[in-house]
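User: Could you take a close look at one part of this model for me? I would like a connected account of how its residues are placed.

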Amino acid sequence: MAEATPYQPRWQAYFVLTKPRVVALMLLCALVGMLLAQDASTVISLQLVIVALLGIALVAGSAAVVNHVADAHIDAKMARTEDRPIPSGRLTTNQGLVFAAVLAVAGFLILFYLVNPLTAWLNLASWIGYAVVYTLWLKHATAQNIVIGGLFGAAPPLFGWTAVTGNIALEPILLVLIIFLWTPPHFWSLALARIEDYERSSVPMLPTTKGIVHTKWQILLYIVLLVLCTLVLPVLEFAGLLYIVLAIALGCFFIYLGVSMITRNDDTLYMFMFKYSILYLGLLFTALLADHYLELLI
């Protein structure tokens, strides 16, 4: 186990528990949902954006804290996670649980009273799905944990949409499906690069249960399904030419990487795939937003 680092500020340890990078990506996806909900007759106030993103961040951060608490014994066995706040001893399990409860309650109340009840209940459902169903059960029950559990982490665009409109529509559901299909290639490429860590842990991940070759083919399958799903948006007239061009270009390179993985056993390539997947999602949603606002201007 890594040595404790008492010089580190306590607030920083709590902050790490919330998985800020993951939450930041979720907030970006939620913001996309909010902005796409805007049309010629809808005005989104800055106050609504700030309050909604704050509430979503608090609930998501709470779920991340629960994940840290539940996985502390696993994190202690893996080189890349052994220095996290709880396995390193900087924070206790009880401190983590109290922090998670405070974040969850605060986030839910903010969303319920300052945004709308639908957004609050959807966030609570996602919290239960990730913090309880995925973290405490799915993650240890099946190698398909990332696939099934990915649905809970894919919901932010829907949260953003409902925060603005107060209702559920097909467009944000398609965005949720895109993130759902994006999740397996994103996480399994990292699992391939860190397979030794997962072999030492008790978490059943696809590379350790079904093998590297099987995982590579599954990654390629999900990438192809993902690219096809991204092209449904323009078919349903939810996006225009700018999005189409970028979605095809980004998707073709993603498929190229997936095909390259089939014939190569290279940790560098796996990590590049992992990093590109993040860039891919960010650029795809940026293109969707740019296309949306160009259409509003025209």
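Analyst: Happy to help, and a definition comes first: contact here means heavy atoms within 4.5 Å. This is a predicted model, where local features need pLDDT of at least 70, side-chain atom pairs count only at pLDDT 80 or more, and totals for chains, interfaces and linings use all residues. Residues are numbered from 1 along each chain as its sequence is written, and side-chain values use heavy atoms, with hydrogens and water left out.

Let's start with I262, which sits in helix α14 (residues 241-263); helices are DSSP runs of H or I with at least four residues, numbered from the N terminus. Setting aside neighbours within four places in sequence, I262 is in contact with K216, W217 and L220. Its C-alpha lies 9.5 Å from that of H214, although 48 residues separate the two in sequence. I262 counts as partly exposed because its relative accessibility is 24% (buried is under 20% relative accessible area, exposed over 50%, partly exposed in between, with a 1.4 Å probe and protein chains only).

Helix α12 (residues 212-230) is where we find Q218. With a relative accessibility of 19%, Q218 counts as buried. Again leaving out neighbours within four places in sequence, Q218 is in contact with W188 and L206.

Finally, have a look at E237, in the loop between α13 (232-235) and α14. E237 is not a glycine, yet it has a positive phi of about 65 degrees. Its relative accessible area is 69%, so E237 is exposed.

How values were computed
Helix = DSSP H or I, 4+ residues; strand = E, 2+ residues; numbered from the N terminus.
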